[in-house]
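This report looks at one helix and at a set of charged side-chain pairs, taking each in turn.

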Amino acid sequence: MSGTLTRLAALAALAIAPALATGQDFTRAEQLFTQHCAVCHGADRGGYIGPALNRDDTRLSRADVAKIILGGSPPTLMPQHPSWRGALSGKDRELLAELITTQPRRTLGWSIDEARQSLQVLVKDESRLPAKPKYRIDHIDDLMAVMSRSRQGAGNEAKVLFFDGRTHRQVGEVATGFAPHLMDFHPTEPRWAYVRDDAGWVHKIDLYSMQTVRKVRAGLNGTSLAISRDGRYVAAGSYVPHTMVILDAATLEPVRQIDLSGIDPDGKQVEADAGIILSTPFANYFVVALEQAGQVWIIDLDRPGMPITPIANVGRHLHDGFLSPDGRHFVVSSYDDHLNAVIDLAEARIVRKIPAGCQPHLGSGAVVRVGERLLGIGTNIGEADCKSFEVTVFDMNTFELVKRIPVIGPTESPAAHPDAPYIVVDIVGTGPNASKLQFIDKESLEVVRTIEVEGTLSHSHFPEYTARGDFFYVSARYRGDRSHSAAGRLAVFDSRTLRQVKSIALDVPAGVFSRTRARAVAVGL
């Protein structure tokens, strides 16, 4: 009897033994995570645009993880999709579930030498590229770029799509391999653009021939990207690891790597993400917001050694921001303080902290002129603990709060254009209004119209005006409904009538970028 019990106990132990019992299983699990999960959940499993997936930060069981891998988690960026079944075997799903629920967050590095070794030259002789666009377009400034993430954040459908902002006809696309996140345009040479994907790669794109000519991996995850005023340098900030790399804009050769860390408002030395990096027409600077450290750094690219001037105690959990039209002032959101801080870049000091709504999120920012006043527009993304929702308006000369405009939900990304009558704000989150846009009249600063856009998402709809301001583009994603052949669509609206004029099926559309707006910011228009 005792022998039978011993054998049963042994069998039971085998049945509940961890799937990562061997080093080979562990290695396989990490490879699977890197291949399928890291682009959204962080290469270190510590979270990125998706939640952290490690034993200390997740409350999911192995069964929960396996269920989500197969069924998704709509309406997030991980919708239900049948391709997961083909991509991962049952054994692979078990290995991933075990890794996520039993292993700690990884500590990963990515040195400047590793970045150098990652450089890929895809077009060896750039002088042989066409001298003008190979597609029909009245002016290169009419280009609109749309990030298409793909349903798994990687693969053939991860690409940047380009449209003629006058005709809304697609004129090209460039594959990125991993989900593209941000785009910036060269300030002096119209053929070049740069894309940052969520796996940390920086792509140098030729807009005339619609192809990547070079790419380099600046980090393992990271979103921030900027091109210097003189067009000589590209800056890319990473979440994994906490670094910023300055690259030669022509060759993408790494020039300098900077560790992002500092003393936070509580006096603790902390590592920090690059919440945003901007260049400014005011001077040949890169401006960096260190999220967790609550600091803003000014990096002078014209002085030997590229010295850094830190500005401390800006706020708690800094994120995105925008510049005044002349580039002298930087407005940055501080999530946990519910304020927007204004930095004078000429004097390297905080000039004002503007009260904001619940968890401010400035997106790419919006500045409008109303009479003699220049006004900045601040959106607020907070949802769970927020009692009300608002858009804040402040004077861009005095930085005094002008008005709090009630809206019907959290907002993430404002858009405005000098020749369009409305400020557009997108309602985001998981509430009943997350498929809607609201329109604020520039003169009255009141919401005058609300429209619904088919499809919704927990992230922004990314409204963006075309070069002439006569249309705006909006990204929309479906709530994981597999009846749609595409996971989302691009909607085009007339900016005056607010009538939808076109709908284009896309696979998980995200950020929309106007070449004209980027160029205007670069030269201080």
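Does arginine 55 count as buried, partly exposed or exposed, and what is its relative accessibility? In this predicted model, arginine 55 has a relative accessibility of 44% and therefore counts as partly exposed, since that value falls between the 20% and 50% cut-offs. Its side chain meets that of aspartate 56 in a salt bridge, and aspartate 56, at 55% relative accessibility, counts as exposed.

The count of salt bridges comes to 26, and three of the pairs are listed here with their N to O distances.

| Pair | N to O distance |
|---|---|
| arginine 55 and aspartate 56 | 3.8 Å |
| arginine 316 and aspartate 266 | 3.1 Å |
| aspartate 337 and arginine 316 | 3.9 Å |

Arginine 316, partly exposed at 34% relative accessibility, pairs with aspartate 266, and this pair links distant parts of the chain, 50 residues apart: arginine 316 lies in the loop between strand 18 and strand 19, aspartate 266 in the loop between strand 13 and strand 14. Arginine 316 also meets aspartate 337, which lies in the loop between strand 20 and strand 21, so that this pair ties together parts 21 residues apart in sequence. Aspartate 337 is partly exposed, with a relative accessible area of 27%. Elsewhere, salt bridges that share partners join Arg328, Asp344, Glu347 and Arg349 into one network.

Helix 2 comprises 14 residues (23–36), which at 1.5 Å a residue should span 20 Å, and its end C-alpha atoms are indeed 20 Å apart. Its buried residues are Asp25, Ala29, Glu30, Leu32, Phe33 and His36; because they cover an arc of only 160 degrees around the axis, they lie on the same side of helix 2. The face turned away from that buried side carries the exposed residues Gly23, Gln24 and Gln35.

Terms used: Residues are numbered from 1 along each chain as its sequence is written. This is a predicted model: local features need pLDDT of at least 70, side-chain atom pairs count only at pLDDT 80 or more; totals for chains, interfaces and linings use all residues. Side-chain values use heavy atoms; hydrogens and water are left out. Helices (H or I, at least four residues) and strands (E, at least two) are DSSP runs, numbered from the N terminus. The expected span of a helix is 1.5 Å times one less than its number of residues. Buried means under 20% relative accessible area, exposed over 50%, partly exposed in between (1.4 Å probe, protein chains only). The arc is that of the directions from the helix axis to the C-beta atoms. A salt bridge is a side-chain nitrogen of Lys or Arg within 4 Å of a carboxyl oxygen of Asp or Glu.
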